[in-house]
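Open the model in your viewer and keep the selection box handy. Each stop names what to pick and what to look for there.

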Amino acid sequence: MNPIKIGVIGCGYWGPKLARNFHETPEAELAWVSDFREDRLAHMRELYPGAKSTQDYHDILQSDVEAVVIATPVFTHHPLAMEALKAGKHVLVEKPLAATVWQAVEIAETADRLGLAAMAGHTFQHNPAVNAVRDLIASGELGRVYYISATRVNLGLLQPDVNVMWDLAPHDISILLHILGQEPLQVNANGGVYIQKERGIHEVAYVTLHFADELLANLRLSWLDPVKARRITVIGSKKMLVYDDIADNKVILYDKGVDAPAYSDTLEEFNMSYRHGPETVVSFEWKEPLRAECESLINWIRTGERSCSDAWMGVKVVRVLETAQKSLLNGGGRETVSRD
């Protein structure tokens with residue numbers, strides 16, 4: 001079969017990474033790239049001389065490409081995706097899928113109605129380490145999951161159009177929905193504005209997701225931390241684990257826990273309820289997550305098999321973000337996640 005022709009709109013920070021992966025995927029052909037900035041296009045032409053380039057993305061929509069990758073600012077995602085779908089193109093839209101829930105729903109519904117693939121760029125759903133965590137939870141090895149703590153912090157990159165929550169939280173929210181197989185019932189968020197006071201853009205946020213069965217998940221998000229951290233800790237009734245995305249051993253399973261005794265007469269008896277077992281490095285076959293994401297789109301187009309990060313997953317993530325934003329601006333109170 002001929003390779004699927006791909007056009008990339010947006011060649012700033014993330015677009016070139018997507019372009020590289022499609023270029024290196026045998027089943028795909030990087031046919032077009034587009035950006036407003038001529039210097040970015042010149043750079044892309046050096047890297048991929050076989051791809052056509054343009055400052056007018058309409059050239060891509062009018063070409064014979066079969067799928068369009070949208071790696072542009074969030075407020076442009078909806079109009080660009082809708083134009084591409086109406087032009088008969090499959091779409092892969094960087095996270096978050098859209099700036100509002102209704103926009104995200106329109107993208108998902110339009111793609112389904114037209115029989116086209118529409119994916120959100122939730123790369124971590126294609127990450128082998130995250131899938132190893134999901135499998136451990138599903139197997140019951142951790143027991144009942146009590147709570148999850150996620151940290152995603154570093155110094156920068158400050159965004160001029162969205163706050164830290166809309167920039168960083170889509171990663172952790174998509175991970176949580178993926179590994180737990182459920183959506184939160186309520187969300188609350190607090191944060192701080194320290195640098196971009198004129199714009200009122202939060203650089204720090206703490207978001208708590210309340211799931212069924214009293215399961216809590218807390219996200220710490222910051223553009224102002226001195227040390228980069230990408231870590232998720234899952235606490236279960238039987239075992240615990242830590243997923244550290246920037247560590248060599250990305251997933252470590254801890255045979256630790258607290259077993260409450262039926263009763264205890266002394267402090268010594270009470271201390272015996274704590275269990276300190278061995279640590280196990282969880283093994284899995286590694287593959288670049290972004291490559292797996294790109295291959296997922298190609299496979300969907302080829303076979304009709306939907307990607308795990310389809311547009312409806314994008315809708316779920318935006319729904320949580322929109323609810324968290326409401327809480328952030330309303331003093332941090334709990335807000336119910338709508339299912340409309």
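Select V69 and L92 together. In this predicted model, L92 of β5 is the bridge partner of V69. Now show both strands whole. β4 covers residues 67–70, and strand β5 covers residues 90–94. They run parallel, joined by four bridges.

Stay on β4 and turn on its side chains. Which residues point one way, and which the other? A67 and V69 share one direction. V68 and I70 take the other. All four residues are buried.

Next, add strand β1, residues 4–9. β1 and β4 also pair in the parallel sense, again over four bridges. Pick I6 to find one bridge: its partner in β4 is A67.

Now select residues 74–86, which are helix α4. Follow the path from β4 through α4 to β5. The three make a β-α-β unit, and its hand is right.

**Helix α5**

Select residues 101–114. This is helix α5, with 14 residues. From first C-alpha to last, α5 reaches 20 Å, close to the 20 Å expected at 1.5 Å a residue.

Colour its buried residues: V101, Q103, A104, V105, I107, A108, T110 and A111. Look at the spacing of that list. An α-helix has 3.6 residues a turn, so residues three or four places apart point the same way. Within α5, A104, I107 and A111 are among the buried residues.

What covers the buried residues of α5? The cover includes α4, β6 (118–121) and α10 (311–329). Then step one residue past the helix. G115 follows α5 and has a positive phi, near 70°.

**The nine-strand sheet**

Move on to the open sheet. Nine strands form it, in the order β14-β13-β12-β11-β7-β10-β9-β8-β15, with mixed pairing. Select the edges: β14 (274–281) and β15 (335–336). Each edge strand has a single partner, so one side of each is left without a neighbour in the sheet.

Start at the β14 edge. Add strand β13, residues 251–258. β13 and β14 run antiparallel, with six bridges between them. Pick L253 and look across to β14: T280 stands opposite.

Now select strand β7, residues 145–155. Where does β7 pair in the antiparallel sense? Its partner there is strand β11, residues 224–236, over nine bridges. Pick V153 to find one of them: A229 is its bridge partner in β11.

β7 also pairs with strand β10, residues 216–222. Here the strands run parallel, over seven bridges. Pick I148 this time. Its bridge partner in β10 is A217.

**R152 and H171**

Keep β7 on screen and select R152, which lies in that strand. Is R152 buried or exposed? R152 has a relative accessible area of 3%, so it is buried. Show its contacts beyond four places in sequence. They are F124, L168, H171, D172, I175, R220, L221, S222, A229 and R230.

A229 is on that list, and A229 is also the bridge partner of V153.

Jump to H171. It sits in helix α7, residues 164–180. The relative accessible area of H171 is 18%, and this residue too counts as buried, since the cut-off for buried is under 20%. Beyond its neighbours within four places in sequence, H171 is in contact with K95, F124 and R152. F124 is in contact with R152 and with H171.

**N190**

Select N190 in strand β8, residues 186–192. N190 is partly exposed, with a relative accessible area of 37%. Leave aside its neighbours within four places in sequence. N190 is then in contact with V204, A205, Y206, L328, G331 and G332.

Now draw a distance to R45. The C-alpha atoms of N190 and R45 are separated by 44 Å, and the two residues are 145 apart along the chain.

**Zoom out**

Show the whole chain. Its secondary structure comes to ten helices and 15 strands. The radius of gyration is 22 Å, close to the 20 Å that the globule rule gives for 340 residues, so the chain is as compact as a globular protein of that length. Its C-alpha atoms fill a box of roughly 80 × 50 × 40 Å along the principal axes.

Finally, colour by burial. Buried residues make up 55% of the 340. The chain exposes about 15,800 Å², and carbon and sulfur atoms supply 52% of that area.

Terms used. Residues numbered from 1 in each chain as written. Heavy atoms only, no water. Buried < 20%, exposed > 50% of the residue type's maximum accessible area, 1.4 Å probe, protein only. Helix = DSSP H or I, 4+ residues; strand = E, 2+ residues; numbered from the N terminus. Pairing = 2+ DSSP bridges. Right-handed = clockwise from strand over helix to strand, strands pointing away. Expected span 1.5 Å × (residues − 1). Contact = heavy atoms within 4.5 Å. Rg over C-alpha atoms; globule rule 2.2 N^0.38 Å. Areas by Shrake-Rupley, 256 points an atom, 1.4 Å probe, with all protein chains shown as cover.
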